[in-house]
Amino acid sequence: MNRYEHSVCLDVSKCNGCTTCLKHCPTEAIRIRDKHAVINADRCIDCGQCIRVCPNQAKKANYKKLEAMDRFRWKIALPAPSLYGQFENLGDVDYVLQGLLDIGFDDVFEVSAAAELVSAYTRRYIRREGVKRPIISSACPAVVRLIALRFPSLYDNIMPILPPMEVAAMLARERARKAHPELRDEDIGVCFISPCPAKVSYVAQGFGSYKSQVDCVVAMKDVYFALINVMSSDKIPTPVSHSGMIGISWATSGGESSAVFNDSYLAADGIRNVIDVLDEIETGKLPHLEFIELNACEGGCVGGVLAVENPYIARTRLQSLRRYLPVSQNFLEEDEENRVPDELVFDDKPVCRPITRLADSMVESMRRMSEINRLSGELPGLDCGSCGAPTCRAFAEDLVRGEAAPDDCVVRLCEQLKAECAELRRRRIGPVRKEKEE
Amino acid sequence: MSEETLCFHFDVDGDDFTSAGQASVQVKKLLRELGVSPEVIRRVSIAMYEGEINMVIHAGGGKADVLVDETSIVIILTDEGPGIPNIKQAMQEGYSTAPDNVRSLGFGAGMGLPNMKRYTDHMEIESAPGKGTTIKMTVEL
């Protein structure tokens, strides 16, 4: 099986094994081994939660620097809509787009414009019959991977339409090829300005047999600092922005689903809330819903760990930015058959091995669970994390898998040592006493 | 049930209505780890949820035991509540003796016992006024 290439990684020199990330990882992908964190690549979903909570900045995201674009003759920027929420007193999106041209990009294609197309195709897709419901958005890569690993029964509910970033990349390339037929494909570089590390992994990984059209994913915070140096309110920007309210709303939780123009939707944000909602859908306890929007980050994409501004402040700014914009600026012709073009559909999803099962066979799973239950009963139940596992139960699982040793439980070891000391004292052969006799 | 049976025990607290349904969430997680199919998990967790709610509404809580082996999942719910005087009547859809205060939350629609029967392969009720109630539900694997 192919190794999943992750963006989230660890700077071992900064990690002191403090267990903070251990406690916050939603998929229990982290263990502390040899006094530092270790991320299990099979379980990590790149949600960025550990980056957010690490007190030592030891957890980080791998992404490209802007200089990585230098090798291309024609450089295209794809700003995520959340970028517009990072700036104070921004009167118009065009200032940001002009800024991107001023820092060296040759063209800008707004992801928010592509998002409006995705919204239009989503509305078509929802009208289709025979589609598994509720339809779950495919936009958040951390959520898609979470479903593959923890909720495999909902995998087919994921909407098979490519996310806005990918659609933007395709359209931007097309535009470049048309305007500059002299360019070869490898001359054109597409750069996504990302609020989140999961997009970095998505681009590195592709999706099933689909290969991403994006060449570089750079951090929003890096671009932000480059932009504030060149952006100026004195210079009137070229009016190029081509997105409306819907596109810009994609940056925040509830934006994508409000654009399906259908009351039976649900939008949840924050990875724990997302897990709770998926749990409810899987059990069938939710009333009938057409569409589910899930964002791993609190507040939606504005809450990504590579963004600069507080997500709620960014949200407020976006509200005023989109205020006098048309509802949408990207339309589709009426289509009775509710078609979605083949090139925007991914028909195979990556093969993932679900992490919920203890073993491949039910017999072996039962044997392991019985063993885990027995061991859990012997553990203190404090979930202190000192053994390197997030909970006593996770530690019992590690023991059964042979990935931990019984003495790793410091609470139990301490009790054993105390008992042994007492026994030594009782026999009066303790080391202290011996010294005195000498 | 063979020797290789896994047993799980849950105390269903009758004092706190807001915590009702916790045991079925736990069971769902355990069954998932065992690799039980999502459809079976769904049926077990709905049947168990309904049973738990019943114990909280009518009997002031009780006990839930879940036994899993390779062939089936058995849920045994035991309470020391007032008992069911007429089981046939209680099994009718829409028949409910739930008090008004829980109806406002959407419970008490008279679908609890019928749903438990619907979502399991086999259900036995043992109950008499003043003697409490024991319900045994089986879902085949």
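## Exercises: strands, helices and contacts in a two-chain model

In chain A, β7, β11 and β10 make up an open sheet of three strands, in the order β7-β11-β10, and the pairing is parallel. Keep in mind that this is a predicted model. Here are some exercises to work through with the structure open.

**Exercise 1. Find the edge strands of the β7-β11-β10 sheet of chain A, then work out how β10(A) is joined to β11(A).**

Step 1. Look for strands that pair on one side only: these are β7 (135–136) and β10 (265–269) of chain A.

Step 2. Go from β10(A) to strand β11 (residues 291–295) of chain A: the two run parallel and five bridges join them.

Step 3. Pick out one pair to check by eye: Ala267(A) has Glu293(A) in β11(A) as its bridge partner.

Step 4. Add the helix. α11(A) packs on this sheet, where it touches β10 and β11 of chain A, and its direction makes about 145° with that of β10(A).

**Exercise 2. Chain A has an open sheet of four strands. Give the strand order, name the edges and place helix α8 of chain A.**

Step 1. The order reads β6-β5-β8-β9 (chain A), with parallel pairing.

Step 2. β6 (107–108) and β9 (216–219) of chain A are the edge strands, each pairing on one side only.

Step 3. Now zoom in on the β6 end. Strand β5 (residues 74–79) of chain A pairs with β6(A) in the parallel sense over two bridges, and Ala77(A) stands opposite Val108(A) in β6(A).

Step 4. At the β9 end, helix α8 (residues 220–230) of chain A lies across β8 (188–194) and β9 of chain A, and runs at about 70° to β9(A).

**Exercise 3. Are α4(A) and α6(A) roughly parallel or roughly perpendicular to each other? Say which residues make their contact.**

Step 1. Get the geometry: the axes of helix α4 (residues 111–127) and helix α6 (residues 164–179), both of chain A, come within 8 Å and cross at roughly 110°.

Step 2. Angles from 65 to 115 degrees count as roughly perpendicular, so α4(A) and α6(A) are roughly perpendicular to each other.

Step 3. List the contact. α4(A) brings Val111(A), Ala114(A), Ala115(A), Leu117(A) and Val118(A), while α6(A) brings Pro164(A), Met165(A), Val167(A), Ala168(A) and Leu171(A).

Step 4. Sort that contact by class: 10 nonpolar, no polar and no charged residues.

**Exercise 4. In chain B, helix α2 packs with α1 and also with α5. Which handedness does the crossing with α1(B) have, and which does the crossing with α5(B) have?**

Step 1. Take α1(B) to begin with. Helix α1 (residues 22–34) and helix α2 (residues 38–59) of chain B pack at an angle of about 160°, with axes 8 Å apart. That makes the two, α1(B) and α2(B), roughly antiparallel, and their crossing is right-handed.

Step 2. Fill in the residues. On α1(B) you have Ala23(B), Ser24(B), Val27(B), Lys28(B), Leu31(B) and Arg32(B), which meet Ile41(B), Val44(B), Ser45(B), Met48(B), Tyr49(B) and Glu52(B) in α2(B). This contact of α1(B) with α2(B) has seven nonpolar, two polar and three charged residues.

Step 3. Turn to α5(B). The axes of α2(B) and helix α5 (residues 112–119) of chain B come within 9 Å and cross at roughly 155°, which makes α2(B) roughly antiparallel to α5(B). Here the crossing is left-handed.

Step 4. The α2(B) residues in this contact include Arg43(B), Ile46(B) and Glu50(B), and those of α5(B) include Asn115(B) and Met116(B). By class, the contact of α2(B) with α5(B) has five nonpolar, four polar and two charged residues.

**Exercise 5. Which helix gives the largest share of the side of chain A that touches chain B?**

Step 1. Count residues: the contact takes 13 from chain A and 12 from chain B.

Step 2. Shortlist the elements of chain A: α11 (271–283) and α13 (362–378) each supply at least two residues of the side that touches chain B.

Step 3. Choose: α13(A) has the largest share, with six residues.

Step 4. Check the chemistry. The side of chain A that touches chain B divides into five nonpolar, six polar and two charged residues.

Definitions and conventions:
Residues are numbered from 1 along each chain as its sequence is written. Chains are lettered from A and ligands numbered from 1 in the order in which they are written. This is a predicted model: local features need pLDDT of at least 70, side-chain atom pairs count only at pLDDT 80 or more; totals for chains, interfaces and linings use all residues. Axes are lines fitted to C-alpha atoms, for helices over the stretch in contact, and angles run from 0 to 180 degrees between N-to-C directions. Angles under 35 degrees count as roughly parallel, over 145 as roughly antiparallel, 65 to 115 as roughly perpendicular and the rest as oblique. Two residues are in contact if their C-beta atoms, placed from the backbone, lie within 7 Å. Ala, Val, Leu, Ile, Met, Phe, Trp, Tyr, Cys and Pro count as nonpolar, Asp, Glu, Lys and Arg as charged, and the others, Gly among them, as polar. A crossing is left-handed if the near helix is turned anticlockwise from the far one by less than a right angle, and right-handed if clockwise. Two strands pair if DSSP finds at least two bridges between them.
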